[in-house]
Amino acid sequence: HTIWLNVTGVQTCALPIFCTVHAQDQKKNVVGSTTVDVPAGTERTTTHAVLIKTTTQAFAGLVHDCVRR
C-alpha cells in the first residue's frame, strides 16, 4: 500500500529542514512514515508531493515534526 500526500508548509527561516510525515489509518494509528528534505529557499510557502509506503490502507497524513538540517 502507498499514499500520496501534498505537504504545504510555511518555512520560518531560510535554512534547509527535514520534516517527518506520517500516514494514518482510520483509527489514527501510524501505518507508514517518511522524511521530506525541504531545501533552503526564498519562498516562504512551499508544497511537496510525498509518497509514503504503508503497512495497511492509509486515510490521512500529517507532518509530525520539522528540524533544521
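**Close-up views of a five-stranded chain**

**Figure 1. The whole chain, as a starting point.** Buried residues, meaning those under 20% relative accessible area (exposed is over 50%, partly exposed in between, with a 1.4 Å probe and protein chains only), make up 28% of the 69 residues in the chain. This is a predicted model, in which local features need pLDDT of at least 70 and side-chain atom pairs count only at pLDDT 80 or more, while totals for chains, interfaces and linings use all residues. Residues are numbered from 1 along each chain as its sequence is written, and side-chain values use heavy atoms, with hydrogens and water left out. The chain has five strands and zero helices, in the order β-β-β-β-β from the N terminus; these elements are DSSP runs numbered from the N terminus, with helices being H or I of at least four residues and strands E of at least two. The C-alpha trace spans about 35 × 15 × 15 Å along its principal axes. Of the contacts (heavy atoms within 4.5 Å) with a separation of 6 or more, 67% are accounted for by residues 24 or more positions apart.

**Figure 2. His 22 and its surroundings.** Here we look at strand 2, residues 17-24, where His 22 is found. With a relative accessible area of 15%, His 22 is buried. Beyond its neighbours within four places in sequence, His 22 is in contact with Leu 5, Val 30, Gly 32, Ser 33, Ile 52, Ala 60, Gly 61, Leu 62 and His 64.

**Figure 3. Val 50 in strand 4.** Val 50 belongs to strand 4 and counts as buried, at 5% relative accessibility. Not counting residues up to four places away in sequence, Val 50 touches Ile 3, Trp 4, Leu 5, Val 7, Thr 34 and Val 36. For a distance to check on screen, try Val 50 to Ser 33: these two are 17 residues apart in sequence and 10 Å apart in space, C-alpha to C-alpha.

**Figure 4. Lys 28 and Asn 29 in a loop.** Both Lys 28 and Asn 29 lie in the loop between strand 2 and strand 3. Lys 28 counts as exposed, at 64% relative accessibility, whereas Asn 29 is partly exposed, with a relative accessible area of 42%. The backbone of Lys 28 deserves a look: its phi is positive, about 70°, although Lys 28 is not a glycine. Most residues other than glycine have a negative phi. Leaving aside neighbours within four places in sequence, Asn 29 is in contact with Ala 23 and Gln 24. Asn 29 and Ala 60 are 31 residues apart in sequence, with their C-alpha atoms 10.0 Å apart in space.

**Figure 5. Pro 39 in the loop after strand 3.** Pro 39 sits in the loop between strand 3 (30-38) and strand 4 (45-53). It is partly exposed, with a relative accessible area of 45%. Leaving aside neighbours within four places in sequence, the contacts of Pro 39 are Gln 11, Pro 16, His 48 and Arg 69.

**Figure 6. Arg 69 over the ring of Phe 18.** The charged end of Arg 69 sits over the Phe 18 ring, 5.5 Å from the ring centre; the rule asks for NZ of Lys or CZ of Arg within 6 Å of the centre and within 35 degrees of the ring normal. Arg 69 is also one of the contacts of Pro 39.
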